[in-house]
2 protein chains.
Amino acid sequence: MKVSTRTRYGIRAAIELAQHHKQGPLQLRIIAERQAISVKYLEQLVAVLRSGGIVRSLRGARGGYLLAKAPNQVRLSDVFHCLEGPVATTECVEDPEFCDRSLDCVARKLWTRVEGAVNDVLDSVTLQDLLDQAGKQSQNYSI
Amino acid sequence: MKVSTRTRYGIRAAIELAQHHKQGPLQLRIIAERQAISVKYLEQLVAVLRSGGIVRSLRGARGGYLLAKAPNQVRLSDVFHCLEGPVATTECVEDPEFCDRSLDCVARKLWTRVEGAVNDVLDSVTLQDLLDQAGKQSQNYSI
DNA sequence: ATTTACGCTACTAATGTAGTAGGAATTATA
DNA sequence: TATAATTCCTACTACATTAGTAGCGTAAAT
């Protein structure tokens, strides 16, 4: 049930951008430094967020990345799904035809409930919520 | 966020044993057949369940496996943790010292909530609940 | 023109996953 | 006591995924 570093790093980058919202583009170099991530690796993750419409970029000198929407308009599920795809504890939850017993499989019912619980949390939290939670005292260094 | 086949197969085996509760030992060969899993692979998974106290075994001819407790005494979280370890979306949720910013990390707060939601589901469901849910019409063939 | 920064693609090392394989130990039963 | 059935234990292997490196191209500010 681990979350990939890809997704963790990507979410941390999104949080950084949310904190910098309305303050012009933020460079990957800065984010990478603050979050202790390789710039080159971060580039790849942020590219995914860009093509997913979560962030947008400005090229050239003084360029960088910006959040594409206001932090209160970005649900964590948006970011998560963009980086990791659907939560998909098992394939059959999303694709009932994956197994011909799906319809009355009790194990599948369990995984469906688990997935629902995860999605509920991710759907109910926005980047703004995370910033509010942070308050004044902290930065968002983390895993 | 995938669940390993190890855990999925193990839970399916536990469900089979729950269905067979109070009917004597059930052989892996039978479970493997019904669930379309390699016996040899299943052996390894069930060994973990055994050392975790979820099932017990009888060796020799006419031996097999039995659920160690009544199905309503076995929470899915017990089975899950035995096979997969803690849910651990990220290491820092369980081990705050994994990262020195853990205490005020907003990303960590998110993962903690996600994990909590998953654990709540798994804690609240027993094998008996799954059997009841199944009713008469279905077997538990599945992913 | 130069510098800064994103954009794209390919490659690689390490790790984890999902098995396969063989045989030893134990027990029921004929 | 011999045989068959079944769990128990350990090692090995092929494949996929993950995490990260590397290099060069493209765009824009100054």
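Which of the 26 residues around DNA strand C come nearest? In this predicted model, they are Arg50(A), Ser57(A), Tyr65(A), Lys40(B) and Gln44(B).

**View 1. Surroundings of DNA strand C in the predicted model.** The strand has 26 residues around it, and those that come nearest include Arg50(A), Ser57(A) and Tyr65(A) from chain A, with Lys40(B) and Gln44(B) from chain B. Of the atoms of DNA strand C that come within 4 Å of the protein, 68% belong to sugar and phosphate. By residue class, the surface near the strand holds 9 charged, 10 polar and 7 nonpolar residues.

**View 2. Polar contacts to DNA strand C from Arg29(A), Ala61(A) and Thr5(B).** An N or O atom in the side chain of Arg29(A) is 3.4 Å from a phosphate oxygen of the strand. Thr5(B) also places a polar side-chain atom by a phosphate oxygen of DNA strand C, at 3.1 Å. Ala61(A) instead uses a backbone N or O atom, which lies 2.9 Å from a base oxygen of DNA strand C. Two or more residues of the surface near the strand come from each of α2 (28–35), α3 (39–51), β1 (55–58) and β2 (64–67) in chain A, and from each of α1 (5–19) and α3 (39–51) in chain B. The largest share, 4 residues, is that of α3(A).

**View 3. The interface of chain A and chain B.** Each chain is represented in the contact, chain A by 45 residues and chain B by 45 residues. About 4,100 Å² is buried between chain A and chain B, and carbon and sulfur atoms account for 74% of that area.

**View 4. A salt bridge between Lys2(A) and Glu91(B).** The side chains of these two residues meet with an N to O distance of 3.9 Å. The interface of chain A and chain B has 2 salt bridges. Residue pairs in polar contact between chain A and chain B, with both residues at pLDDT 80 or more, number 4.

**View 5. The side of chain A that touches chain B.** At least two residues of this side come from each of the helices α1 (5–19), α4 (76–84), α5 (91–94), α6 (106–124) and α7 (127–134) of chain A. The helix that gives the most is α6(A), with 12 residues. In composition, the side of chain A that touches chain B has 26 nonpolar, 10 polar and 9 charged residues.

Terms used
Residues are numbered from 1 along each chain as its sequence is written. Chains are lettered from A and ligands numbered from 1 in the order in which they are written. This is a predicted model: local features need pLDDT of at least 70, side-chain atom pairs count only at pLDDT 80 or more; totals for chains, interfaces and linings use all residues. Side-chain values use heavy atoms; hydrogens and water are left out. A residue is near a molecule or strand if one of its heavy atoms lies within 4 Å of it. A polar contact is a pair of N or O atoms within 3.5 Å; within protein, one must be able to donate a hydrogen and the other to accept it, and residues adjacent in sequence count only if both atoms are side-chain atoms. Ala, Val, Leu, Ile, Met, Phe, Trp, Tyr, Cys and Pro count as nonpolar, Asp, Glu, Lys and Arg as charged, and the others, Gly among them, as polar. Contact means heavy atoms within 4.5 Å. Buried area is the accessible area (1.4 Å probe) that two parts lose on being put together, summed over both. A salt bridge is a side-chain nitrogen of Lys or Arg within 4 Å of a carboxyl oxygen of Asp or Glu.
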